[in-house]
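Visitor: Could you take me through this structure and explain the reasoning behind each term you use?
Guide: Gladly; here it is.

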Amino acid sequence: MVALATCVFAVLVGFGHLARAYYTEEYRPQFHFSPEMNWMNDPNGLVYHDGEYHLFYQYNPNGTTWGFMSWGHAVSTDLVHWEHLPIALECESDSTGNVLEMFFSGSAVVDVDNTSGFAVKTKKGHTTPMVAIYTSNYPTAHTEPGGAVIREGQQSQSIAYSNDNGLSWTQYEGNPVIESPPPGYEDQWNQFRDPYVFWHKQTSKWIMVAFLAMKQKLLIYSSTNLKNWSLESLFGPENARFGQWECPSLFPLYVDGQISNQKWVLMMAINPGGLVPASGTQYIIGEFDGSTFVPDQADIYDPTQIPSGSIVFQDFESTTSTFEDLGWTATGDFVGLGPRQASTVDVWDIRGYLGTGVFTTYLFGDIATGTVTSPTFTITKDYISFMIAGGSYPYNPLTAGTPDDNQVSFSLVVNGEIVHSQTGGNSEALVWRSWNVAGYVGQDAHLVITDVNTGPFAHIHVDEIIFSDTPKDEANWVDYGPDYYAAVPFNGLPTGDRVAIGWMNNWAYAQNIPTTTWRSAMSIPRKMSLKTINNKLKLVQQPVSTLSSLYTRTLYSRTYKSLLSGQTNVPVPAPYNTRMKLTLKFSRGTGSQVGVILRSNSTNSQETVVGYDFLGQYVFVDRFKSGDNAFVTWQPNPYPGRFVATMPTKPTDLITLNIFLDSSSVEVFDGLGQVAITSQIFPLDDSADVKLYSVGGTARSVSVVVNGVKSAWT
Ligand code: FRU
C-alpha cells in the first residue's frame, strides 16, 4: 500500500469573490456556468436535494487544460445563480507525485433509505447520505487500500459518500465496486467508464449504466446497496456508432405530457463521430423494465436500408466504368477515373459504405484535386440522401473560387447556386446525411464533388446517392451544433421536470479555446420532454424558465408585416448587444432565407448568422466569420462552418427562433424545442451590431423582441 497525497498544488477556489473585476474577463460567460479558474469538462453528479441543485464537474485544479481530473462542485437554488464550493473529490498521487487516481465522470444520488448504510446517526435519527458513483481512472499501477491490484491505465467504477450535503466526501473502503468489464469484454479494462446511477422505483433497485467506450456497448447493472452490482444486460452499438461512446444516461419522460404514458431515453456522448466533427450527443427512445433497454424500432436505423420508394441516383458500384461512362464529368486529377472498389482505397479503415464500390478523392494520398459533376436531373422528390466521409473542409461561400478556397465537399447546385453542401466529419466512416429539397421540386439540378485541397485529410468519400420522399434516418441528435457534449440530467427531480446540462465545448479544440484563466462553460440548463412532431416522437428542449429572472425589460421590439430583402439594423444598447435573448418570429414571404446577424462589425469582417432557410427547410448557425478560430490546432480545422438542423415547415407556419447570446456562445432553439444548435464564438469586443436580414425577397409577419440578459455573477 502507498501513502496517498492530493494532486492539488494550490487551492484557490473562492479567491475570485475578493477580486474587483469578478467574471468580467474577455469571453467570460455571464449567464452560463463556468469555473472561477482552470479547466472544466463534463457535468457530473447532477442531483437536486433539499432545494439545491448540485453541479459537480470534471475539473483540473492545477491548470487550464485537461489533467489531474477531480470533481469540482457548485450549488444553485434556481439553476441560474451558482455558488462555488470546495473541490469534492481531489485527484490523488503517491508521495513522489505519481498520479494514482483521477476521478472521471459519473453521477450522484441521494440515498434516502440509507440502502448503502453510509448514513451516520444524528440526534433526530440519521443523516441522508449523498453517494457519488464515478470512474476511477488509475494512471499508475498500485494496490488499493481494500486490496484491489490495479493496472496502469485501468478504469473501474467506484463510490464515495457525503453526510454533509456534498461538502466533504469519504471514499468507500471497498473501492472499486466494479473492477472490470464483464466476461467477454475483459480486454476493455482501460475503456470502461462514466457510470450514471438512478433509483428505479418499479423494481426498487439502483440501476447503473456505463460504457465500454471503444465497443459502443452500454452495460446495465443493478444493485440494492450501491456497493454490490450485478450485470443485467448490454445494449449497442446502434445509430451513431463510429466513435467512442461516453457519458450515458437513462431516464423516463412523459410522452406528450401524459403522465400515464412514459418512455425511456438513452442519451449519450459520442466522440469523434458527432454530427459535426468530433463531439456530439445522440439519444435513443425505448422501454426499460429495470433490466433491459429495448429501443423503439422507429428510433433505431439500419444503415443498409434505404427508404421505400427511393430512386437510386448513383451507387458507385460500377467500378470498371469511368465517371464519363456514367454520365458524370471530371476535371483535374479525376479525369478518366471512376468509382473505386472501397477495399482498394488506401486509407486507414474506410468503412460504412454499401456494396463494394465507392466514390473517393483519395487516390495517391490527399494531393489529388479537381471536381466530379453529375449529369443534370430534375428534382422530383423531397429529399436527397447520401453517405459521406472524409476531412472537414466545408464549402465556404466567402472563399469559394478564391485562392483561399479549401473545400472538400459534396454539393447540390440549383440555378447555378450551391443550395446544400456537406463535408466530411474528419472520419473515414461513411455516414448518411439528408438534404431537404422540397423547395426545389421541379427544378433542374446537379451534384458536384469538389476537392481543391492537398492538405491533411483532404479527401472525401461518397456513396449511395438516393432521391426519396422521406429522409434516410440518421441518429437522433440532441443538439445540431458543435458545442454540446456529455449532457446528463439531474437526479432527484420529478419526471415532468427533467433538466439536463451539457458541456458547451468540443474535444476537437476544447483545450485551446482563447479564454484566459479558465476553460469551458456549461450549456444553459435545459428542460427535456418528449413530443410527437410529424408523427415521430422527439426529445424536445427548452432553457429552464428561471433564466427569465435575468432578463432585462424589453430593449427592442418591432413587427414587420413584410420585411424587405436586405439588412435592417436592430439597435440594442451595450452591454446587452453581446448578451441577450432574441426572439424572432416569421412566416414565409417571397424570400428564401430570413434571420439575424449577431456580433457583427462595421466592415462585416465578423458576424455570426442565425437563420432559417425556407428552400432548404433548415435552421442554421453560421460561424465562418464569428471571430478567432486560429487557436484550433487540429487539421483540418473543424471549427469554421455552418451548422444545420433540418426542420420542415409549411408556407403558412409562423416559425419561432429563440436565440440566447452570451459573451462567447450562442444557443438557438425553435419554438417547439425540436431543434437546438449550440455553438461557441470568439468575436472581437467591438463586433456587437445586431441586424435582421431577409434574402431574395420578403419575409412575412416578422417580429423581433430583444431582452438583455443580466450577469448571474454580480
Ligand atoms: C468525456 C470524458 C469521459 C471521461 C472524462 C474524463 O468528455 O472523456 O468519458 O470520464 O471525459 O475527464
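Visitor: What makes up the shell around the ligand, by class?
Guide: In this predicted model, where local features need pLDDT of at least 70, side-chain atom pairs need 80 or more, and totals for chains, interfaces and linings use all residues, the shell has five nonpolar, three polar and four charged residues. Asp, Glu, Lys and Arg count as charged, Ala, Val, Leu, Ile, Met, Phe, Trp, Tyr, Cys and Pro as nonpolar, and the others, Gly among them, as polar. Residues are numbered from 1 along each chain as its sequence is written, and side-chain values use heavy atoms, without hydrogens and water.

Visitor: Which residues are around the ligand?
Guide: Among them are Asp42, Trp66, Asp194 and Glu246; a residue counts as near a molecule if one of its heavy atoms lies within 4 Å of it.

Visitor: Why is the pair between Asp194 and the ligand called a polar contact?
Guide: A polar contact is a pair of N or O atoms within 3.5 Å, and an N or O atom in the side chain of Asp194 is 2.6 Å from an oxygen atom of the ligand, so the pair meets the definition. Taken alone, the ligand exposes 320 Å², of which the protein buries 95%, by the Shrake-Rupley method with a 1.4 Å probe.

Visitor: Why is strand 3 said to pair with strand 4?
Guide: Pairing requires that DSSP finds at least two bridges between two strands (a strand being a DSSP run of E with at least two residues), and seven bridges join the antiparallel strands 3 and 4, so they pair. Phe56 stands opposite His73 in strand 4.

Definitions and conventions:
Helix = DSSP H or I, 4+ residues; strand = E, 2+ residues; numbered from the N terminus. Polar contact = N/O pair within 3.5 Å; in protein donor to acceptor, adjacent residues only side chain to side chain.
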